[in-house]
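This report describes one protein chain, from its secondary structure to a few single residues. The sequence and the structure come before the text.

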Amino acid sequence: YSRLNRSNHTEKLPGIKPQWVFGNLYNTGIVSGRVTLPEAIAELKEKYGDVFSFWFGPYYSIVLSRIDHVQHVLADRHTYDIAETTTRTFGILFPRGLLALRGDEWKRHARFILPMLKRAKVLPYLDTMIACTDRFIDEKLSRRNGEIHTDLVEQSQRLLLDIIGFIAFDYDLDSLSSHDGYDLPHAFNDFVRLGNQFILKNGIPFWLGKLILRMSSKYQRALRTMKHYVLNVINEEQARQQEENSTTKPKNLVSSLVAAIKKESSERGTSLTPNEVFDEVSLLILAGFETTSTALSWFIFYMSKYPEVQEKMKAELKEHNLTPDMPLTKEILDSMMYLDCLVKEILRFSPIAPVVPRQATCDDIIDGIEVKKGDKIVLAIQNLHRDPRYWKIDPSKFIPERFLHEDKHPPHCAYMPFGGGHRACAGQDLALLELKVLIARLMQRVTFIDPGNEANNSGGMIQRITCYPKHVAVRVHLD
Ligand code: HEM
């Protein structure tokens, strides 16, 4: 801590003076829960302008909220890479996963991971996504038709975990229950919850976070359960691929990754090992269900608050003759313009990751701002998404139509829900497809209603790895 405090950053930038250990986490009200990180960053922008300093505990960062500054950082992948604090933090959870790697190691993994999440590779899962959504409606929503649902955030997570289970393994995770009732979805939830509680949110020293997790029997149980399932699937898949003709195309994410292990003999040193595949699968499952389910929760909440938007969405389905028994196809989804705008607006208004971290690998100057090697840079996505300089229609309002005309082409970097540059989200094609399918299918069959004063449907925000709605209590009607 003392070493970090003595680092040679210039301290010329405006910002709140840091406190010992807590930096700015306490004096901005983040630790006490008065505000979330994006709210604090928005308040500081109001006070200090487009560039200010922020201390994440003992770590000094420069926060940027102007598009030309952000463009500068994202354009130069050699000077700015993902922040070491991020790779070390996620490294405690997945030491050999893409998000925890930098440099050549990142490139070696990215070569396998990025292509397998591209749109053409995930499109074959369209019917699986629809089937999972139908099961969600039939089993979770229709049983309590007309009632107020207060568990929609958790239910959205279950749905997305279902889908990623099929995409990753061709397995129905919901039906995989172990003898003591501690199943894989539970294990993943504990893994995320405890990992977040001790490391991802509080900015405590890594060694302490690691120690706490090592001593946490719950966390260790979750890890063991995950390893048990995932390594079993990897082994089964390896055996299957050895038996079958090696030209058989991989069917799911794990089999694509296992095919990468197989290449080892021919391209030693460039392929992935089984343990690396385990970490990548865990990361993709976590990234795949935590993020998209958060966006889905915001969708449900906003539909209850903006009935006119929900009606327009349903009107578009009618225009395409999409009655509940009509199948959704890729062509229909691609032609639905309002659906596209709605997805964009949800991710603009409530970005799942409201800040994106980078770190300078050498000294630099951004528009007169002195950056020293090792300085952390925070790209304030939420500030950019709400900045009236970059949006023609009032950005503080939820208006999907903005993307039809006036704000169809926002300035480069004013809209970046998936981050940007070489470390942009690997799963964005999958996420966009999932969101469109889920929204269209839900709107074919269900209406979300604000119950008024009967229940607490006031929104607000909680920050875990992503920022999701705090108070959601929505009445669900089957059409
Ligand atoms: C609405 C859904 C999603 C949102 C808003 C989102 C957003 C993001 C953001 C902001 C980043 C950091 C980008 C940066 O640093 O510039 C990221 C990274 C990443 N995302 Fe997503 N994500 C979503 C869904 C997914 C899904 C479905 C997957 C995969 C199954 C995924 C996999 C990843 C991975 C592997 C990275 C790390 C990439 C790297 O470090 O090279 N994401 N995501």
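Three residues of helix α14, namely Gln310, Met313 and Leu317, are buried. These three residues lie on the same side of α14, because they cover an arc of only 60 degrees around the axis. The general geometry fits such an arrangement: an α-helix has 3.6 residues a turn, so residues three or four places apart point the same way. On the face of α14 turned away from the buried side are the exposed residues Glu308, Ala315, Lys318 and Glu319. The buried residues of α14 are covered by elements including α13 (274-305), α16 (337-349), α18 and β9 (446-449).

The model is a predicted one.

**The chain as a whole**

The chain has 479 residues, of which 44% count as buried. Its secondary structure comes to 18 helices and 12 strands. Taking the contacts between residues at least 6 apart in sequence, 71% join residues at least 24 apart.

**Helices α14 and α16**

Helix α14 takes in residues 307-319, and from its first C-alpha to its last it reaches 18 Å, close to the 18 Å expected for 13 residues at 1.5 Å a residue. Helix α16 can be checked in the same manner: its end C-alpha atoms are 18 Å apart, which agrees with the 18 Å that its 13 residues should span at 1.5 Å a residue.

In α16, the buried residues are Leu339, Cys341, Leu342, Val343, Lys344, Glu345, Ile346, Leu347 and Arg348. Charged side chains are not left out of this list, which includes Lys344, Glu345 and Arg348. The cover over the buried residues of α16 includes α13, α14, α17 and α18. Helix α16 is in turn named in the cover of α14.

**The five-stranded sheet**

An open sheet is formed by 5 strands in the order β1-β2-β8-β5-β3, with mixed pairing. Its edge strands, β1 (51-56) and β3 (80-82), each pair on one side only. On average, neighbouring strands of this sheet are turned by 35 degrees against each other, direction ignored. Helix α4 (residues 84-93) packs on the sheet and touches β2 (59-64), β3, β5 and β8. The direction of α4 makes about 120 degrees with that of β5.

Strands of a sheet pair through backbone hydrogen bonds, either parallel or antiparallel. Strands β5 (residues 356-360) and β8 (residues 376-379) run antiparallel and are joined by 4 bridges. Within this pair, Val356 stands opposite Leu379 of β8.

Strands β1 and β2 also pair in the antiparallel sense, over 6 bridges. One bridge links Phe54 to Ser61 in β2. The hairpin of β1 and β2 has 2 residues between the strands, and in it Gly57 takes a positive phi near 60 degrees. Although β1 is an edge strand, 5 of its 6 residues are buried, and β1 is mostly covered.

**Positive phi outside glycine**

Most residues other than glycine have a negative phi, and most peptide bonds are trans. Two residues with a positive phi are set out below.

| Residue | Phi | Place | C-beta neighbours inside 10 Å |
|---|---|---|---|
| Asn321 | near 55 degrees | loop between α14 and α15 (330-335) | 8 neighbours, exposed |
| Cys413 | near 80 degrees | loop between α17 and α18 | 22 neighbours, buried |

Neither is a glycine: the phi of Asn321 is a positive value in a residue other than glycine, and the same holds for Cys413. Asn321 comes just after α14. Asn321 counts as exposed because it has 8 C-beta neighbours inside 10 Å, where 12 or fewer is the limit for that class. Cys413 has 22 such neighbours and therefore counts as buried, the threshold being 20 or more.

**Cys425**

Which residue does the UniProt entry list for "binding site"? The entry, which is unreviewed, lists Cys425. Cys425 lies in the loop between α17 (381-385) and α18 (428-445), and Cys413 is placed in the loop between these helices as well. With 19 C-beta neighbours inside 10 Å, Cys425 counts as partly exposed. Apart from its neighbours within four places in sequence, Cys425 is in contact with Phe418 and Gly419.

Terms used
Residues are numbered from 1 along each chain as its sequence is written. This is a predicted model: local features need pLDDT of at least 70, side-chain atom pairs count only at pLDDT 80 or more; totals for chains, interfaces and linings use all residues. UniProt positions are given in the numbering used here, feature names are shortened, and annotations may be inferred rather than shown by experiment. Two residues are in contact if their C-beta atoms, placed from the backbone, lie within 7 Å. Two strands pair if DSSP finds at least two bridges between them. Axes are lines fitted to C-alpha atoms, for helices over the stretch in contact, and angles run from 0 to 180 degrees between N-to-C directions. The expected span of a helix is 1.5 Å times one less than its number of residues. The arc is that of the directions from the helix axis to the C-beta atoms.
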